[in-house]
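The following questions and answers are intended for close reading beside the model. Please examine the sequence and the structure before continuing.

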Amino acid sequence: MGKKKKPKMEYRYYQMVPGTYVFALLGDGWIREYGKGIDYLHFHNYLEIGHCVEGNGQMIFGEQVFDYHKGDFTIIPKKYPHTTNSIPNTKSHWEYLFIDEEGILQKMFGEFSRQKKCEKLKECINSGFCFFSETEFADLSANIQELMEVMRRKEVFYQEEAEGLLATILVKIARINDKQERLVTLGDEYYTEGMAYDIVVKAMAYITQHYKEPFHIETIAKYCSISENHLRRLFAMHMKMGILEYINLVRIKEACEQLKKTDDSISDIAARCGFSTVSTFNRNFKKVMGNSPCSWRKSPENFEQQLLRCNLHLEAGW
């Protein structure tokens with residue numbers, strides 16, 4: 001068996017309780033040495049708001065690094081790569097809110113949720129990460145802490161109270177982001193951080209919908225209205241892996257599911273997952289999973305453990 005590559009990116013996903021738009025990770029359970037044994041970034045399927053209750057360390061957002069201290073806050077759009085690292089051999093206490101901003105805005109705006117005003121609001125909310133101290137945006141900091149207390153106490157009608165606070169928090173986030181023009185420069189062209197983020201997310205959505213089909217990177221670039229070269233560079237900057245590598249990981253993950261759950265032939269599974277030849281499938285599968293599809297299939301009980309060794313692996317939250 002060949003040498004396995006270290007993970008490069010982790011997708012930590014959560015499931016929201018139906019009819020709710022926020023859940024919280026609070027209390028002593030989140031006192032830990034963040035980043036210990038982890039040398040890769042991760043992203044979530046919901047907007048994340050974090051509050052440093054105690055501790056010091058570094059927050060990494062893609063290529064950017066910030067020192068964090070007690071009282072700092074982070075606001076991170078969904079699918080935005082990041083990680084938290086405590087000072088080595090020390091613990092930090094963070095608390096988190098995860099927010100379904102699409103859902104709450106749909107409830108707020110109803111049939112008008114697709115109008116320009118609401119679309120602009122969503123664009124501003126997700127235009128980039130925010131990192132600030134509780135004194136820098138005192139009103140927003142107070143709102144976030146109030147929402148955390150509502151989620152901590154869970155008194156009668158707390159979800160209704162949370163929704164009201166959510167609306168205020170999201171509008172304030174949008175206002176802050178609307179005033180910040182972050183630029184990503186590629187050659188003689190530039191993109192705001194929000195534009196770059198949207199392009200990468202759009203490319204990921206295309207891959208999710210079409211990974212079973214044969215296609216070229218150029219096709220995704222045209223879909224995203226960007227040159228192939230710029231798409232490759234933006235994707236690598238944002239996701240810390242090449243777009244072709246990401247496509248193969250998505251395909252291999254689906255192949256694992258089919259190998260585990262069906263008795264279909266290797267060649268049929270390879271074709272259904274977008275690989276043009278069985279040899280290409282076998283080569284990529286072994287590169288990601290550390291074993292051939294046939295050998296791997298004989299030990300399905302190790303599915304979860306093996307999948308965690310992929311460059312892009314799935315975790316149910318933390």
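**A strand residue, two helices and the cores**

In this predicted model, residue T83 lies in strand β9, which covers residues 82-86.

Q: Is T83 buried or exposed?
A: A residue counts as buried when its relative accessible area is under 20%. For T83 this area is 7%. T83 is therefore buried.

Q: How are α5 and α7 oriented to each other?
A: Helix α5 spans residues 193-210 and helix α7 spans residues 228-239. Their axes come within 10 Å and cross at roughly 95°. Angles of 65 to 115 degrees count as roughly perpendicular. The two helices α5 and α7 are therefore roughly perpendicular.

Q: How many residues of the contact of α5 with α7 are charged?
A: On the α5 side, the residues are A196, Y197, I199, V200, A203 and M204. They meet L231, L234, F235, H238 and M239 in α7. These residues of the contact divide into ten nonpolar and one polar, and the number of charged residues is none.

Q: Which helix gives the most to the largest nonpolar core?
A: The largest nonpolar core has 42 residues, of which I220, L231, F235 and I243 touch the most other members. Elements that each supply at least two residues include β4, α5, α7 and α8. With nine residues, the element that gives the most to this core is α8.

Q: Which residues does a second, separate core include?
A: Apart from the core just described, there is a second, separate one of 31 residues. Its members include L97, L105, I144 and I173.

Methods: Residues are numbered from 1 along each chain as its sequence is written. This is a predicted model: local features need pLDDT of at least 70, side-chain atom pairs count only at pLDDT 80 or more; totals for chains, interfaces and linings use all residues. Side-chain values use heavy atoms; hydrogens and water are left out. Axes are lines fitted to C-alpha atoms, for helices over the stretch in contact, and angles run from 0 to 180 degrees between N-to-C directions. Helices (H or I, at least four residues) and strands (E, at least two) are DSSP runs, numbered from the N terminus. Angles under 35 degrees count as roughly parallel, over 145 as roughly antiparallel, 65 to 115 as roughly perpendicular and the rest as oblique. Contact means heavy atoms within 4.5 Å. Ala, Val, Leu, Ile, Met, Phe, Trp, Tyr, Cys and Pro count as nonpolar, Asp, Glu, Lys and Arg as charged, and the others, Gly among them, as polar. Buried means under 20% relative accessible area, exposed over 50%, partly exposed in between (1.4 Å probe, protein chains only). A nonpolar core is a set of buried Ala, Val, Leu, Ile, Met, Phe, Trp, Tyr and Cys residues joined through side-chain atoms within 4.5 Å.
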